[in-house]
Amino acid sequence: MEYTDNDMSDNLLLDVKDLHASIEGKEILKGINLQVRPGEVHAIMGPNGSGKSTLSEVLAGDPAFTVTGGEVDFHGMDLLSLSPEDRSHEGLFLSFQYPVEIPGVSMVNFMRAALNAKRKYFGEDPMSAGDFLKLMRQKRAIVELDNKLASRSVNEGFSGGEKKRNEIFQMAVLEPRLSILDETDSGLDIDALRIVAGGVNKLRSDDNSTIVITHYQRLLDYIKPDFVHILYNGRIVMTGGPELALELEERGYDWIKEAN
Amino acid sequence: MSSLQQYIDLYRDNHEALDRGSAPLLNAMRPAALKALEGARLPDTCDERSQYTSVEQMFAPDYGVNIARVNIPVDIAATFACNLPNLSTLMGIVVNDFFTPTSTLVNRLPQGVIFDSLRKVATEHPDIIEKYLNKIAPQTDSGVALNTLMMQDGVVIYVPQHVELAKPLQLVNIFSSPTPLMAARRLLIILEDGAKADVVVCDHTQDDAQQYLASQVTEISLGRDASLGLYTLEEASLRTSRYAQTYVKQHDNSRLNHHYAALATGVTRNEFTVDLIGEHAESLLTGMAIGMDREHIDCNTAINHRVARCHSNQVFRYVMGGTSEGVFDGGIVVTPEAPYTVAYQSNRNVLATAEARMHSKPRLEIYNDEVKCSHGATIGQLNEEALFYMRSRGIPAAEARVMLMQAFMADVIDTVGLESLRDRLRHLVEMRFSGQAATCRRCSEPTDN
């Protein structure tokens, strides 16, 4: 897939400036600032209810949230003005904390629709059936996703681990520039965690970036972050290197809460 | 005054002409029908079983009736321009109420099988007509009596004992008239013991701007071990009204798989009455409705378990948009004589707009303790979470909605026994949900006419 390169802003892939967002009148994000450059891995950690999932959903364009202030630049584009589907085409991918089951829609039709929508967006013809199946096979291998799952309805009857692997499979197919992994480690046993993290690492490059949202240091043993941010009460209250995650693991979140 | 009166008057003034255009055996049934209509009226909103649909109002306007049997030309190629792709059928066409076999039909029907004009069969095989016509539908019912009073022709499908039809039969109903028209349509389907057939029926209109009204009575008798797949597709127009009454009698170990799809209509009232009178009979009744504009679609079912060890299942799905209104009134009766009955019912509905309406009413009357029965009804919206999930993967909102609505219909379409018809239904449903007219007109394959 060819991308149009209109990256003008000091080699930033994502630039979030003072982002505010609310749901049903309740403000959840209270001024988020975050800069991500190509090739970087950022971890966002924080206690429950601090706004981690909200941040990922607002970036992906979930209509349930209202953006009340701030701006987001995504490789030179005004991200917040784009529809969720155009954000996807432009290279943003959200791996859902709770992937949605869609009975009656087969994985194959789902992925074909997604892939061809993206191709159409870039003025390309739909992929041939043969090429599509070949691509599916290739990408399935990255997360060891069973062919049987691929022929079923989207996420229907998948185990927790299979759902998360399916998310990374979709990510592999869509080749995003920025992947946001929202608690991809939750509900995974250690083998599934290794497979999922291995998949993410295989997809890493100098051009694409990853935001890992997690509660635990554990995932960061597999996906090494360049930066660790602590989100608390709708703001990023601390940023550091990988050592910050270790410190959190040791001290818990209370000292953060007390300091803020 | 009931809207029946204009038809009673019409009959009194024109009964000789009416009789001339029909067959003596059919004419002999009219006096009893007339008697049944005296003081009667059609179902109305004050009747419990027709709470949301006034059949009286459907019949109130002044439609013409083609009693003199003036030949109305119809451009079949324009109205029904396609065959079922990959499905070779033996086809008969009814224009208003005139039956016309296709050339292939005449030559290729197996020995003893009848797929022909009711008027003709009444003369050539009076034994069949005397045995079955108006013996399955209740003659005292006002809708049936009206149809009997006005019918001049119709269609008979007769499959003798142990004959299994390799090819599906297809009946194409077309409305065509320069002025508003009412047609009394009749369909009699007889499968003798051990017979097997698939029948596809589709309703079309020649001119979407014209007003049409169909009074349609279908009687079905399934002998012991007989098996019928009956698939009805309604692809009419907003100005078409249809009052369709279907009565089925199933003998021992017979199988019925009846599917009804409302793809386009104005006002439709369907009544399905199935009497399970032989043990181990199985009845599957499925339906899907896609409501748009101001369409009104009412399916009223009554499955009567009259003997032991029968199995019935009803699955109905509606997606209602625009200002359309849907009704599902699903009846199951288990009589004291029917222990070990298994009867299921499921009706799920999606309201796609704030103005659309859906009424769902399961009616179970169980007079026996040894039964396994269940029913479920839901009315809701498309899953917003699923919609966002799909959009986040790049699938445009409109396309995602179509996929979700199609998925909602998937389990009903899967019950259809003919694979090529399933494919066709998926395609028609997709077109309909994409906002296109779901008609056969867009297909390129010509008929053999």
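Start where chain A meets chain B: select both sides of that interface and look for polar contacts, of which there are 11 residue pairs, each with both residues at pLDDT 80 or more. Keep in mind as you go that this is a predicted model.

Next, color chain A by secondary structure. Helices H1 (52-60), H2 (84-89), H3 (107-121) and H6 (160-174), along with strands E6 (92-95) and E7 (102-106), each give at least two residues to the side of chain A that touches chain B. Pick out H3(A) in particular: with five residues, H3(A) provides the largest share of that side. By residue type, the side of chain A that touches chain B has 17 nonpolar, nine polar and four charged residues.

Now zoom in on Glu167(A) and Arg393(B). These two form a salt bridge, and their closest N and O atoms lie 2.7 Å apart. The count between the two chains is two salt bridges.

Pull back to see the whole interface. Here 30 residues of chain A are in contact with 17 residues of chain B. About 1800 Å² is buried between the chains, with 69% of that coming from carbon and sulfur atoms. In chain A, select Glu85(A), Phe96(A) and Val100(A), which lose the most area to chain B and together make up 27% of what that side buries.

Last stop: the cysteines. How many disulfides are there over all chains? The count is zero. Show Cys373(B) and you will find its nearest cysteine sulfur, in Cys310(B), 12 Å away. Cys373(B) is partly exposed, because its relative accessible area is 25%. Finish at Cys46(B), which counts as exposed because its relative accessibility is 60%.

Key: Residues are numbered from 1 along each chain as its sequence is written. Chains are lettered from A and ligands numbered from 1 in the order in which they are written. This is a predicted model: local features need pLDDT of at least 70, side-chain atom pairs count only at pLDDT 80 or more; totals for chains, interfaces and linings use all residues. Side-chain values use heavy atoms; hydrogens and water are left out. Contact means heavy atoms within 4.5 Å. Buried area is the accessible area (1.4 Å probe) that two parts lose on being put together, summed over both. A salt bridge is a side-chain nitrogen of Lys or Arg within 4 Å of a carboxyl oxygen of Asp or Glu. A polar contact is a pair of N or O atoms within 3.5 Å; within protein, one must be able to donate a hydrogen and the other to accept it, and residues adjacent in sequence count only if both atoms are side-chain atoms. Helices (H or I, at least four residues) and strands (E, at least two) are DSSP runs, numbered from the N terminus. Ala, Val, Leu, Ile, Met, Phe, Trp, Tyr, Cys and Pro count as nonpolar, Asp, Glu, Lys and Arg as charged, and the others, Gly among them, as polar. A disulfide is a pair of cysteine sulfur atoms within 2.5 Å. Buried means under 20% relative accessible area, exposed over 50%, partly exposed in between (1.4 Å probe, protein chains only).
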